[in-house]
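Open your viewer and get ready to click along. We will stop at a handful of places, and at each one you will know what to select.

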Amino acid sequence: AKNSGRNNWVFYQRDMGEKIVQRREMERELREAIQTDQLRLAWQPRYDVRAARVTAFEALVRWHHRQHGILMPDQFIPLAEETGLIGALSDWVLLRACADARRELPGMAVSVNLSAVEFSDKGLPKRILAALEASGLPSSRLEIEVTENAMLQDPDTTLEVMLAIKALGVKFLIDDFGTGYASLNYLRTFPFEGIKIDKSFIFPLSDSSQARQIVENMVGLGKAYSLSVTAEGVETVCQMEQLQQLECDGLQGYYIGKPQPLAQVVAQYGAVSAS
Ligand code: C2E
Ligand code: CA
Ligand code: CA
Ligand code: CA
């Protein structure tokens, strides 16, 4: 193995070169995908425990790639963040989500995911306002989900940007709550309306009393800060019952409903929202 070192280096170089070419190619394709409407939204319902019905949907992006089929966000969001394409991608998601919710899901709230890096863009409030105005969606029906990482990088700008967006009437939810590295101090400083407990805490709920204790503590923490508490990743009726006992406000997960194309969601929930 030792004396093949030189050959390894050659291969290594060639691989690296290929990777860079692949990345450039994918970047070019993603830019084109945003411009030519190859992106789609999948809509996942969120169940409101007190209202005993679905009152909101989370819009999740997919890339319908010509050769590779449907790509999931984990396969292209990191690239979008690194190349700066995330801004254009989010503008597409914001406008599509607001317009679809306004036209097809009367009375429902719509939740959009924004990357932490976008909160260092002081133009973000204006971009969100543009989507609201172009769609006619009342700002009270738009929610933005952001992970705790947003509070770690450039917290001053992030706070300023968030306050300007909140002033529009848009709400913020902390996504993947419990998995980040931020201290809980930010709950007091930043204008959040609710938390979404990460699914990794919900999955073990059925068979572990320790897991139940942890979720109970998170719900208590949320209540102490006057935040609404949503559980993600609810896959079984057993988890759903326990979360209702623990007085979670919102439930989301495959048991409630999987992410689906708009037409399916409208067929399933349209009548409920109209009543
Ligand atoms: P997330 O915001 O935490 O979204 C929840 C993810 O968990 C979604 O994966 C959803 O399909 C999946 N999920 C929902 N319920 C269940 C369940 O009961 N069990 C299991 N096992 N999974 C469930 P998806 O759609 O692949 O999205 C992955 C992540 O990509 C999202 O995590 C979000 O962070 C990010 N993302 C999605 N859309 C966008 C977007 O438009 N912009 C940005 N910046 N990020 C996005
Ligand atoms: Ca989310
Ligand atoms: Ca999440
Ligand atoms: Ca996530």
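Begin with the charged side chains: the count comes to 15 salt bridges, where a salt bridge is a side-chain nitrogen of Lys or Arg within 4 Å of a carboxyl oxygen of Asp or Glu. Before you click, a word on what is on screen: this is a predicted model, in which local features need pLDDT of at least 70, side-chain atom pairs count only at pLDDT 80 or more, and totals for chains, interfaces and linings use all residues. Residues are numbered from 1 along each chain as its sequence is written, chains are lettered from A and ligands numbered from 1 in the order in which they are written, and side-chain values use heavy atoms, with hydrogens and water left out.

**Stop 1: salt bridges**

Select Glu32 and Arg66. Their side chains meet in a salt bridge, 2.6 Å from N to O. Glu32 lies in helix 1 (residues 5-35) and Arg66 in the loop between strand 2 and strand 3, so the pair ties together parts that are 34 residues apart in sequence. Helices (H or I, at least four residues) and strands (E, at least two) are DSSP runs, numbered from the N terminus.

Now colour by accessibility. Buried means under 20% relative accessible area, exposed over 50%, and partly exposed in between, using a 1.4 Å probe and protein chains only. Glu32 is partly exposed, with a relative accessible area of 26%, while Arg66 counts as exposed at 60%. Add Glu25 and Arg28 to your selection, and you have a network of salt bridges that links Glu25, Arg28, Glu32 and Arg66.

Next, select Glu143 and Arg46. The closest N and O atoms of this salt bridge are 2.9 Å apart. Glu143 sits in strand 5 and Arg46 in strand 1 (residues 39-48), 97 residues apart. Are these two buried or exposed? Both Glu143 and Arg46 are buried.

For one more, pick Asp91 and Arg127, a salt bridge with its closest N and O atoms 2.9 Å apart. Asp91 lies in helix 3 (residues 86-104) and Arg127 in helix 4 (residues 124-135), so this pair ties together parts that are 36 residues apart in sequence. Asp91 is partly exposed, at 32% relative accessible area, whereas Arg127 counts as buried at 18%.

**Stop 2: calcium**

Which residues hold the protein donors of the calcium ion (ligand 2)? Select Glu58 (OE), Asn113 (OD1), Glu145 (OE) and Asp175 (OD), which lie 2.1 to 2.3 Å from the ion. Donors are N, O and S atoms within 2.8 Å of the metal (3.2 Å for Na, K and Ca); water is not among the atoms, so sites may look incomplete. Along the chain, the donors follow the spacing E-x54-N-x31-E-x29-D.

Two of these donors come from distant parts of the chain: Glu58 is in strand 2 and Glu145 in strand 5 (residues 142-147), 87 residues apart. Glu58 and Glu145 are buried. Now show ligand 3 as well: Asp175 bridges the calcium ion (ligand 2) and the calcium ion (ligand 3), which lie 4.0 Å apart.

**Stop 3: aromatic rings**

A search of the whole structure finds five aromatic pairs. Rings of Phe, Tyr and Trp (its six-membered ring) pair if their centres lie within 6.5 Å; planes under 30 degrees apart count as stacked, over 60 as edge-to-face and the rest as tilted.

Select Trp63 and Phe76, an edge-to-face pair with 5.6 Å from centre to centre and 85° between the planes. Trp63 lies in strand 2 (residues 53-65) and Phe76 in the loop between strand 3 (69-71) and helix 2 (77-83), so the pair ties together parts 13 residues apart in sequence. Trp63 and Phe76 are buried.

Move on to Phe172 and Phe192. Their ring centres are 6.4 Å apart and their planes at 80°, so this pair is edge-to-face. Phe172 is in strand 6 (residues 171-177), and Phe192 is in the loop between helix 6 (186-189) and strand 7 (194-197), 20 residues apart. Phe172 is buried at 1% relative accessible area, and Phe192 is buried at 10%. Add Phe119 and Tyr186 to see the cluster that ring pairs make of Phe119, Phe172, Tyr186 and Phe192.

**Last stop: zoom out**

Show the whole protein chain, with its 10 helices and nine strands. Its C-alpha trace spans about 65 × 45 × 40 Å along the principal axes. Of the 275 residues, 46% count as buried.
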